[in-house]
Amino acid sequence: MTYKAWAVRLVLTLIVLVAGIGGFNYWMDPMWMYGGKHEFNDVQDTINERQQKTNRIKFQPFSVDTLLIGSSRSTYIDQHEFKGMDVYNYSVANMSVKEYESYIDFAKKNSTKEIKTVIIGLDFFKSSLAESKAPLSIEPYASTLDKPFVRWKNIISYDLTRYSCYNFKASIKDEPVFVRTYDRQNVASTIRLSKKEADEELQKKVEKFTTTFYGDYEYNPNYKKILQNVKDKNPDTEFIVFTTPISEPLFQALINSGAYPHYEKWLSEVTEVFGGVYNFMDINTVTKDTSNYFDGHHFYPEVGTMIAHRISMDNPPDVPSDFGKYITK
């Protein structure tokens, strides 16, 4: 074989290899850039929810009338369980109150339907100064999406291929294999822990929240102002807010640590801004049952469904009457 023939064969082999990798990543779509749905990509790993969910809004048909935002707790609420609402769940891990405004703005700018309602899942520990002072925004994730060829420049990257392989294997297994797994309808699920595993995770979280979040708790004096600013920037939007339910042992840790007065202040300020709040974060039928959680503060999706039904239905039959009391001033 001549050198020229060998070089041509090598080039052709590389072209086929690159095309194959790019085609596989396009087909699997682990970063939610293209929108393909099939049985081999219906189990999706959480790579970077901020980027994935923002990509979904930017590059796929996006038309909703309601937005749901919140932390990882709220990711486990099925957006399709809100009755009479067309919802997109834009919740992401560790979301800060400082991010609300930019997420709402980005979604509104990209939805072909007017977003008339915003549902916010509030976490008490995120009202502390330590957890809510950083000036965070969706901007770092959204700003790159208007650059030329942004969807294609990483189509053959090693990381993208690795994620595609993970999702391919998980989809063949066809069950959650990650801590947070998404399907192609933006619905999150999780692995199920045994009682022993869940109890161990709960104990870890009680210790972590007691020392890290509640021990030296300092309420953010600007928390109310931040929420009010979000509301003022969206004067024609209906806001529905709710508190995320933590298990009774974690709530008891809050009380024992001396943070309960801050909890009361938090509820008071949220109510002053929005007029009322669905409070799931108290001692009730659901929070008393620790089997509703896999780590004491992240609830299983069926609890998320109860939250959606409480918010969007009158007297839902599947929701305990003490779960999600509506608090006014």
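In this predicted model, helix H8 passes helix H10 in a right-handed crossing. Two packed helices are described by the angle between their axes and the distance between the axes. For H8 (residues 195-214) and H10 (residues 248-256), the packing angle is about 25° and the axes lie 10 Å apart. Angles under 35 degrees count as roughly parallel, and H8 and H10 are therefore roughly parallel to each other.

From H8, the contact is formed by Leu202, Lys205, Val206, Phe209, Thr210 and Tyr214, which meet Pro249, Leu250, Ala253 and Leu254 of H10. By residue class, this contact between H8 and H10 comprises 8 nonpolar residues, 1 polar residue and 1 charged residue.

The sheet is considered next. Its 6 strands form an open arrangement in the order E3-E2-E4-E7-E8-E9, and the pairing is mixed. Strand E3 (87-89) and strand E9 (325-327) are the edges, each pairing on one side only. From one strand to the next, the twist averages 25°.

Three of the strand pairings are set out below, each with one pair of bridge partners.

| Strands | Sense | Bridges | Partners |
|---|---|---|---|
| E2 and E3 | parallel | 3 bridges | Thr66 and Val87 |
| E2 and E4 | parallel | 4 bridges | Thr66 and Thr117 |
| E4 and E7 | parallel | 6 bridges | Thr117 and Glu238 |

Thr66 thus links the description of two pairings: this residue of E2 stands opposite Val87 in E3 and opposite Thr117 in E4. Thr117 in turn has Glu238 as its bridge partner in E7. The bridges between E4 and E7 join residues 117-122 to residues 238-243.

In a regular strand the side chains alternate between the two faces of the sheet. Strand E2 (residues 66-69) has Thr66 and Leu68 pointing one way, with Leu67 and Ile69 pointing the other way. All four of these residues are buried.

A further buried residue is found in a helix. Thr271 belongs to helix H11 (residues 260-274). Buried means under 20% relative accessible area, and Thr271, at 6% relative accessibility, therefore counts as buried. Leaving aside residues up to four places away in sequence, Thr271 touches Gly276, Val277, Ile327, Thr328 and Lys329. Among these contacts is Ile327, and residue 327 falls within the edge strand E9 (325-327).

How values were computed
Residues are numbered from 1 along each chain as its sequence is written. This is a predicted model: local features need pLDDT of at least 70, side-chain atom pairs count only at pLDDT 80 or more; totals for chains, interfaces and linings use all residues. Side-chain values use heavy atoms; hydrogens and water are left out. Two strands pair if DSSP finds at least two bridges between them. Axes are lines fitted to C-alpha atoms, for helices over the stretch in contact, and angles run from 0 to 180 degrees between N-to-C directions. Angles under 35 degrees count as roughly parallel, over 145 as roughly antiparallel, 65 to 115 as roughly perpendicular and the rest as oblique. A crossing is left-handed if the near helix is turned anticlockwise from the far one by less than a right angle, and right-handed if clockwise. Contact means heavy atoms within 4.5 Å. Ala, Val, Leu, Ile, Met, Phe, Trp, Tyr, Cys and Pro count as nonpolar, Asp, Glu, Lys and Arg as charged, and the others, Gly among them, as polar. Buried means under 20% relative accessible area, exposed over 50%, partly exposed in between (1.4 Å probe, protein chains only).
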